[in-house]
Amino acid sequence: MLPAAPITRCHRWLTPLVTVVLAGCAGVSNDSTVARPGRSMELVVLGTAQDGGLPHVGCERPCCARARRQGRELYPACLAVHDPATGALLLIEATPRIEPQLALLHELAGAHDRGRRPVDCVLLTHAHIGHYLGLAHFGKEVASTDSLPVFCSPRLAGFLRAHGPWGQLVKTRQIALHEVAPRVAFSPLQGLTVTAVPVPHRDEYSDTMAFKLRGPNKTVLFVPDIDSWQQRPGLLDELLDGVDVAYLDATFYDGRELPDRDLTKIRHPLMVDTMRRLATRAKAHPGALRFIHLNHTNPALHDAALVRDLERRGFRVARRGERVAL
Ligand SMILES: [Zn+2]
Ligand SMILES: [Zn+2]
């Protein structure tokens, strides 16, 4: 067990009921944010899209052209944990859109004047651009954090130490890497236990972890990127074991969004396949299985009828600003 990250600041919940509805496709977009004061530790969704977000660099198709016209933006998949009792904040993934995501987190948490400690610790799943590039903002040129604890696998830690600009963050002690062993619970924040479960993914620079986050009352699974559920027998059961709410890789819906690609070569489970596997569970626990990390082309970001249909079957598409009491 690694020591819990030091919690040096205390912030009381100051934000009254706030409702912010951002521009977007009514009923479909992940653009609504509802903040409610709460007493218990809670998980907050700060981003729902694939690494490139929406709109996507270089995409001129209707999905992104319309989003640009409407000023609609979805950030890459990202979660946070907030403990109102201590004001502690944990960020899960450091995405390229970390600035507005942290601003949203601070607004929702009523966190003010955090200065050089915008969060108390960070968890990273793997070294693909949507998941860790935001670390750069903790460097000297921007937030200049002081030994901010960053929890990740030993292989990802080795990659960060060995390659610029990340190695500089370690050398100058802007971040402090904490290596987490697979399946060994650790506690990055008081009252929160996290277990990293290795998952198969195209692992060029690092391996890839899913996280199980166990609060006082509830357990949440976060598995934004995985090649397939069946590559390792029993993996999906292991991931979902003891979990109350699961955020699952939903990069692609059924392949229609990639007309030129060979479906057998897509390295993500299709949403329709995941829904087939988990149909009974979704019916028994409506709202417990939620999709995240949606590609800009995924029709579940653009087609309200399709979303209503999957909701009827007990599934959900994650929305920015949604919360789960832990
Ligand atoms: Zn990704
Ligand atoms: Zn990835």
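This passage describes the zinc sites, the pockets and the cavity of a predicted model.

The protein chain has nine helices and 16 strands. Of its 326 residues, 59% count as buried. Long-range contacts are frequent in sequence terms: among contacts in the chain with a separation of 6 or more, 72% join residues 24 or more positions apart.

Two zinc ions were examined in turn. The zinc ion (ligand 1) is coordinated by Asp51 (OD), His131 (NE2), Asp225 (OD) and His293 (NE2). The distances run from 2.0 to 2.1 Å. In sequence, these donor residues follow the spacing D-x79-H-x93-D-x67-H. The four donor atoms subtend angles of 81 to 172 degrees at the zinc ion (ligand 1), so the arrangement is irregular. Histidine 131 lies in helix H3, and aspartate 225 in the loop between strand E12 (219-223) and helix H6 (235-240), so this pair ties together parts that are 94 residues apart in sequence. Histidine 131 counts as buried, at 1% relative accessibility. Aspartate 225 also counts as buried, at 3%.

The zinc ion (ligand 2) has the protein donors His126 (NE2), His128 (ND1), His201 (NE2) and Asp225 (OD). These lie 2.1 to 2.8 Å from the ion. The spacing of the donor residues in sequence is H-x1-H-x72-H-x23-D. This site is irregular, with angles of 80 to 165 degrees among its four donor atoms. Histidine 126 is placed in the loop between strand E6 (121-123) and helix H3 (129-132), and histidine 201 in the loop between strand E10 (192-198) and strand E11 (209-214); the pair therefore ties together parts that are 75 residues apart in sequence. Histidine 126 and histidine 201 are both buried.

The two sites share a ligating residue. Aspartate 225 bridges the zinc ion (ligand 2) and the zinc ion (ligand 1). The two ions are 3.5 Å apart.

Pockets were considered next. The largest pocket has a volume of about 310 Å³. Its lining comprises 21 residues. Gln50, Arg202, Thr251, Phe252 and His268 lie nearest the centre of this pocket. By class, the lining has four nonpolar, eleven polar and six charged residues.

Histidine 268, one of the residues nearest the centre of the largest pocket, lies in the loop between strand E13 (245-249) and helix H7 (271-277). Histidine 268 counts as buried because its relative accessibility is 12%, under the 20% cut-off. Residues up to four places away in sequence aside, histidine 268 touches His201, Asp225, Ile226, Asp227, Asp249, Thr251, Phe252 and His293. Several of these partners return to the metal sites. Asp225 and His293 are among the donors of the zinc ion (ligand 1). His201 and Asp225 are among the donors of the zinc ion (ligand 2). Thr251 and Phe252 are among the residues nearest the centre of the largest pocket.

The second largest pocket has a volume of about 160 Å³. Its lining consists of Ile98, Glu99, Leu102, Ala103, His106, Gly115, Pro118, His137, Phe138, Val142 and Ala143. These divide into seven nonpolar, three polar and one charged.

Alanine 143, one of the lining residues of the second largest pocket, lies in the loop between H3 and strand E7 (148-152). Alanine 143 is partly exposed, with a relative accessible area of 22%. Outside the residues up to four places away in sequence, alanine 143 touches Arg116, Pro118, His137 and Phe138. Of these, Pro118, His137 and Phe138 also line the second largest pocket. Alanine 143 and glutamine 174 are 31 residues apart in sequence. In space, their C-alpha atoms are 9.0 Å apart.

Enclosed space was assessed last. The count comes to one cavity of 30 Å³ or more. The largest cavity has a volume of about 40 Å³. His126, Ala127, His128, His201, Arg202, Asp203, Glu204, Tyr205, Ser206 and Thr208 form its lining. Two of these residues are nonpolar, five are polar and three are charged. The lining includes His126, His128 and His201, which are among the donors of the zinc ion (ligand 2). Arg202 also belongs to the cavity lining, and is one of the residues nearest the centre of the largest pocket.

Note on methods:
Residues numbered from 1 in each chain as written. Chains lettered and ligands numbered in written order. Predicted model: local features only at pLDDT ≥ 70, side-chain atom pairs only at ≥ 80, totals over all residues. Heavy atoms only, no water. 1 Å grid on protein atoms, 1.4 Å probe; cavity = no way out; pocket = protein on both sides within 12 Å on 5 of 7 lines; lining within 4 Å. Points joined across faces, edges and corners; volume = space filled by probe spheres on them. Nonpolar A, V, L, I, M, F, W, Y, C, P; charged D, E, K, R; others polar. Donors = N, O, S within 2.8 Å, 3.2 Å for Na, K, Ca; no water. Tetrahedral: all angles 85-135°; square planar, octahedral: opposite > 155°, others 65-115°. Helix = DSSP H or I, 4+ residues; strand = E, 2+ residues; numbered from the N terminus. Buried < 20%, exposed > 50% of the residue type's maximum accessible area, 1.4 Å probe, protein only. Contact = heavy atoms within 4.5 Å.
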